[in-house]
Amino acid sequence: MSKFAFLAFTAATAMIAPLAEARATPLGPDAAICARGGEPAVLVRVEGFKVRTGTLRVQVYGDKPEDFLAKGRWLKRIEVPVRPNGQMEVCVGLPKSGAYAVAVRHDVNGNGKSGDRSDGGGFSRNPSLSLFSLKPKYQEVAISVGGQPKPV
C-alpha cells in the first residue's frame, strides 16, 4: 500500500488499498458504481483525520497534463461532509478507461477556500512534496484506470 502525500499540517491521510480491504461504505453520488463494479471509477480511501469537521473534496483530472490542478479544469469533483468517525471512501465514476490524476483536500472549516494551515491534501501515487515544491507534476500522480473501480 502507498499513501497520498500530505503536508506537515495535514488533516487527513488518503491510502491506496485493494477493494477487498474496503471497510467503509462508499460515499458520494457515484457510490453505486463502486458497489456494483463493471465501470471505470476510482475509490478514494481517506483516514487519519486530525479533526472531524468540514468537507472532503476529491477532484479527478483527465489525461491532459496542462489541466492538472488548473482552476476549474478538473474532470469531476465530489465534496462530502467529513464523517464523525472512521475512514471515508469516496467513489468517483469516470467516463472511460484511461489515465487520471486524483487530488484530495480536507477543508477543515468547510469554507471552500484553500490556504487554511489546518487543511490537508494529497495526491494519487504519493509524490514527494516539499515547502519549495507543493504541486507535483502530472506524470508523478497519473494512474491508469480500467473497466473496474480502481482503489486510490
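Here is a walk through the contacts that tie this chain together, from its aromatic rings to its charged pairs. Keep in mind that this is a predicted model.

Let's start with the aromatic side chains. Searching the whole structure turns up three aromatic pairs. Take Tyr 61 and Phe 68: their ring centres sit 5.4 Å apart with the planes at 80 degrees, so this pair is edge-to-face. Both Tyr 61 and Phe 68 are buried. Phe 68 also pairs with Phe 123; here the centres are 6.0 Å apart and the planes are at 65 degrees, so this one counts as edge-to-face too, the cut-off being over 60. That second pair joins distant parts of the chain, with Phe 68 in the loop between strand 4 (55–61) and strand 5 (76–81) and Phe 123 in strand 8 (residues 120–123), 55 residues apart. Phe 123 is buried, just like Phe 68. Put the ring pairs together and you get a cluster of Tyr 61, Phe 68, Phe 123 and Tyr 138.

Next, the cysteines. There is one disulfide in the structure, and it joins Cys 34 to Cys 91, with 2.1 Å between the sulfur atoms. Look along the S-S bond and you'll find an angle of 85 degrees, a right-handed link. Cys 34 belongs to helix 1 (residues 31–36) and Cys 91 to strand 6 (residues 88–93), so to speak two distant parts of the chain, 57 residues apart. Cys 34 and Cys 91 are both buried.

Strand 6 comes up again among the charged residues. Side chains of opposite charge can pair when their charged atoms come close, and a search of the whole structure finds eight salt bridges. One of them runs from Glu 89 to Arg 45, with the closest N and O atoms 3.1 Å apart. Because Glu 89 lies in strand 6 and Arg 45 in strand 3 (residues 41–47), the pair ties together parts that are 44 residues apart in sequence. Glu 89 is buried at 1% relative accessible area, and Arg 45 is buried at 4%.

Now move to Glu 79, which has a salt bridge with Arg 57 at 3.1 Å between the closest N and O atoms and another with Arg 77 at 3.7 Å. Arg 57, Arg 77 and Glu 79 thus make up a salt-bridge network. Arg 57 is buried, at 13% relative accessibility, whereas Glu 79 is partly exposed at 39% and Arg 77 is partly exposed at 35%.

Finally, on the surface, Leu 131, Phe 132 and Leu 134 form a nonpolar patch with about 440 Å² of accessible area together.

Notes:
Residues numbered from 1 in each chain as written. Predicted model: local features only at pLDDT ≥ 70, side-chain atom pairs only at ≥ 80, totals over all residues. Heavy atoms only, no water. Phe/Tyr/Trp six-rings, centres within 6.5 Å; stacked < 30°, edge-to-face > 60°. Buried < 20%, exposed > 50% of the residue type's maximum accessible area, 1.4 Å probe, protein only. Helix = DSSP H or I, 4+ residues; strand = E, 2+ residues; numbered from the N terminus. Disulfide = S-S within 2.5 Å. Patch = residues over 30% accessible without salt bridge, like charges linked within 9 Å, V, L, I, M, F, W, Y side chains within 5 Å. Areas by Shrake-Rupley, 256 points an atom, 1.4 Å probe, with all protein chains shown as cover. Salt bridge = Lys/Arg side-chain N within 4 Å of Asp/Glu carboxyl O.
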